Amino acid sequence: VAAARTVHDLLRQASALGPLDVVLLDQFLDDRSAPLDNLARLVGAGHRVLVISGATAPDRLAATLAAGARGYLTKDHDLADLVAAIQEVATAGTSYSPELAVACLRDSRPDRPALTPADRAVLAALGSGLRPDAAARSLHLSPDAVRATLSQITAAYHRVGARRPGTLGALSTREREVALLIRDGMTNAQIARRLGVTTKTIEKHASSTMAKLGVSSRAAVAVRVGRDAWGR
């Protein structure tokens, strides 16, 4: 229903369509925008995002999930895998490729979610290449039980991302949007016009954003946001 070269252009189209069932987000876009910024903007606008990328580093996959993605598929998968992932995100709300499942199992970050033995068993089955229904048969579980486990793991990662202090994840949806626009060099008045609110409202959001990020200036907000987001 919509296609765009940048997240800004997609959000402009989506404003007339409402939240999209699934957004396929290439991790590296032609405008050289930062991947986590793009993901934060789409998630903040209420879209379910399936990230498509050639990057396979486990820490990057885990961080993408924590930042709000509903799935991560590397580009070496064929079209059938992509279709299956889209369907899983659209119907079950989440999709785990083998690479994402393994990344969660190997996640060694200090703030990673705690996984139960049942969580690890499901992730290990998916990491071996099984689809959810096949994993359910292998583990003698119902398909609904496997999908519920995956949804719980996803929710746990999203909570971790939202709790990280001093990062975009610590901000509300509006604060995150304001922070990104400050990073882009816009004044409070320009941001107010972009978002359709008063300048005073933006000043309040900017102030709360600086407090949550632990900085004391707009320039520091721009630096912090840029540091938190991946470049090329």
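Start at Gly 185, just after helix H9: its phi is positive, about 90 degrees. Keep in mind that this is a predicted model.

**Helix H9**

Step back into the helix and select residues 173-183, which make up H9. Now colour its buried residues: Glu 175, Arg 176, Val 178, Ala 179, Leu 180, Leu 181 and Ile 182.

**Where H9 meets H11**

Add helix H11, residues 199-213. How far apart are the axes of H9 and H11? They lie 9 Å apart, and the two helices pack at an angle of about 90 degrees. H9 and H11 are therefore roughly perpendicular to each other. Show side chains at the crossing. From H9, pick Arg 174, Glu 175, Val 178, Ala 179 and Ile 182. From H11, pick Ile 202, His 205, Ala 206, Ser 208, Thr 209 and Lys 212. By class, this contact of H9 with H11 holds five nonpolar, three polar and three charged residues.

**Ser 208**

Stay in H11 and zoom in on Ser 208, which sits in that helix. Is Ser 208 buried, partly exposed or exposed? Its relative accessibility is 24%, so Ser 208 counts as partly exposed. Next, draw a distance from Ser 208 to Leu 171. The two are 37 residues apart in sequence, and their C-alpha atoms are 8.8 Å apart in space.

**Helix H4**

Move to residues 79-92, helix H4. This helix has 14 residues. From first C-alpha to last, H4 reaches 19 Å, close to the 20 Å expected at 1.5 Å a residue. Which residues of H4 are buried? Select Ala 85, Glu 88 and Val 89. These buried residues cover an arc of only 95 degrees around the axis, so they are on the same side of H4. Turn on their surroundings: the buried residues of H4 pack against strand S2 (49-53), strand S3 (71-74) and helix H7 (132-139). Then rotate the view. On the face of H4 turned away from its buried side are the exposed residues Leu 79, Ala 80 and Thr 91.

**Thr 149**

For the last stop, select helix H8, residues 143-163, and find Thr 149 within it. Thr 149 has a relative accessible area of 12%, so it is buried. What does Thr 149 touch, leaving out residues up to four places away in sequence? Display Asp 119 and Val 122: Thr 149 touches both.

Technical notes
Residues numbered from 1 in each chain as written. Predicted model: local features only at pLDDT ≥ 70, side-chain atom pairs only at ≥ 80, totals over all residues. Heavy atoms only, no water. Axes fitted to C-alpha atoms, helices over the stretch in contact; angles between N-to-C directions. Helix = DSSP H or I, 4+ residues; strand = E, 2+ residues; numbered from the N terminus. Parallel < 35°, antiparallel > 145°, perpendicular 65-115°, else oblique. Contact = heavy atoms within 4.5 Å. Nonpolar A, V, L, I, M, F, W, Y, C, P; charged D, E, K, R; others polar. Expected span 1.5 Å × (residues − 1). Buried < 20%, exposed > 50% of the residue type's maximum accessible area, 1.4 Å probe, protein only. Arc of directions from axis to C-beta.
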